[in-house]
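Work through the exercises below with the model open. Each one sets a task and then solves it step by step.

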Amino acid sequence: MGGGLPFGVVSLGLLRLLEEKEVPVRAMAGCSMGAIVGAAYIRNPNAFEVAELLADFFDNLSPRKLMLRDLGLFKPGLLTGKSMMDKVEELIGGDFDLAESEISMVVNATDLLRGTPVFLREGSALDAIRASVSMPGIFTPWAYGDTYLVDGGITCPVPACALEDSGWPIIPVRALRKLPDGDEVAREKEHFDADHELQFGKAPAIIYVLWRALGLIQQDDFSRQLMEDFPHAIAPRISMELSGNMKKIRELVEIGYDESSRIWPKIEALLPARER
């Protein structure tokens, strides 16, 4: 399940379809938002209910309040992430050990010192999520052993490789952006000017600039490359406008469901006969 704030949400569309087809989920690997979705699903294995929880979560989330609470002065990141992770803990219904979950769960992050992917398979799910969402410059890196971990999307935005030894069919899932047209760019500019009130003038807030720029640099082309080896990958194209709007959770889930339904014949062909 791929990373990126809106892009991991489409995974719930696939999970909903698998529930309808009565296909069991044996294992999940999640990056950033995909890790949050996976953890929430493990605690409550009902895709519709998790989608509603996520929709309510983002409808009631106040980014400005979180920014003010988590502001990390003189730290290697603008935000400490503490208040955000408190909210994530409420969302998923409490912490759990990755190694002891009913559905096997892997969360990936990036070793900042070595520049390599790290796959977390045991220990606190919340700690693993905190490491996986640590976009450089926005959140402080997560201390881990002799190194520091940052966003998993830097080295592996779609961590399908983490499940290669599972013996089960692997279905990578992550939305990809469509290039915007002129009208969409104008609406996005209007959103910048109206919404980023903490920034002096009309320039977009620094956190938004970092989030948007890093996502454009590191994730879409890389994600596409990682999924090329999987003709059954779920990779719906979504608009830039939709990709930046976390108030559209239900719409994103439906997009994931529709694309999963379209790809279903290819997925079904991979399944053991007893699960078709």
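Contact means heavy atoms within 4.5 Å. Helices (H or I, at least four residues) and strands (E, at least two) are DSSP runs, numbered from the N terminus. The model is predicted: local features need pLDDT of at least 70, side-chain atom pairs count only at pLDDT 80 or more, and totals for chains, interfaces and linings use all residues. Residues are numbered from 1 along each chain as its sequence is written, and side-chain values use heavy atoms, with hydrogens and water left out.

**Exercise 1. Determine which residues of helix H1 are buried, and which elements they pack against.**

Step 1: fix the term. Buried means under 20% relative accessible area, exposed over 50%, partly exposed in between (1.4 Å probe, protein chains only).
Step 2: count. H1 spans residues 11-20, and eight of its 10 residues are buried.
Step 3: name them. They are Ser11, Leu12, Gly13, Leu14, Leu15, Arg16, Leu17 and Leu18.
Step 4: find the partners. These buried residues pack against strand E1 (27-31), helix H2 (33-43), H3 and helix H11 (249-270).
Step 5: check the end. Just after H1, Glu22 has a positive phi of about 60 degrees.

**Exercise 2. Describe the surroundings of Ala29.**

Step 1: place Ala29. It lies in strand E1.
Step 2: test burial. Ala29 has a relative accessible area of 4%, so it is buried.
Step 3: list contacts. Leaving out residues up to four places away in sequence, Ala29 touches Met1, Val106, Pro159, Ala162 and Leu163.
Step 4: take a C-alpha distance. Ala29 and Gly2 are 27 residues apart along the chain, and their C-alpha atoms are separated by 8.5 Å.

**Exercise 3. Place Arg130 in its helix and trace its contacts.**

Step 1: start with the helix. Arg130 lies in H6 (residues 125-132). Seven of the eight residues of H6 are buried, so the helix is largely enclosed by the rest of the structure.
Step 2: look at the start of the helix. Ser124 caps the N-terminal end of H6, with a side-chain oxygen 3.2 Å from the backbone nitrogen of Leu126.
Step 3: test Arg130 itself. Its relative accessible area is 4%, so Arg130 is buried.
Step 4: list contacts. Beyond residues up to four places away in sequence, Arg130 touches Leu79, Thr80, Gly81, Met85, Phe139, Thr140 and Trp142.
Step 5: look for a polar partner. A polar atom of the Arg130 side chain lies 2.8 Å from the backbone oxygen of Thr80.
Step 6: take a C-alpha distance. Arg130 and Ser32 are 98 residues apart along the chain, with C-alpha atoms separated by 8.3 Å.

**Exercise 4. Work out how strand E7 pairs with E3 and E6.**

Step 1: set the criterion. Two strands pair if DSSP finds at least two bridges between them.
Step 2: take E3. Strand E3 (residues 104-111) and strand E7 (residues 147-150) run antiparallel and are joined by two bridges. Thr110 has Val150 in E7 as its bridge partner.
Step 3: take E6. Strand E6 (residues 142-144) pairs with E7 in the antiparallel sense over three bridges. Ala143 stands opposite Tyr148 in E7.
Step 4: inspect the turn. The hairpin of E6 and E7 has two residues between the strands, and Gly145 takes a positive phi near 60 degrees there.

Conventions:
A polar contact is a pair of N or O atoms within 3.5 Å; within protein, one must be able to donate a hydrogen and the other to accept it, and residues adjacent in sequence count only if both atoms are side-chain atoms.
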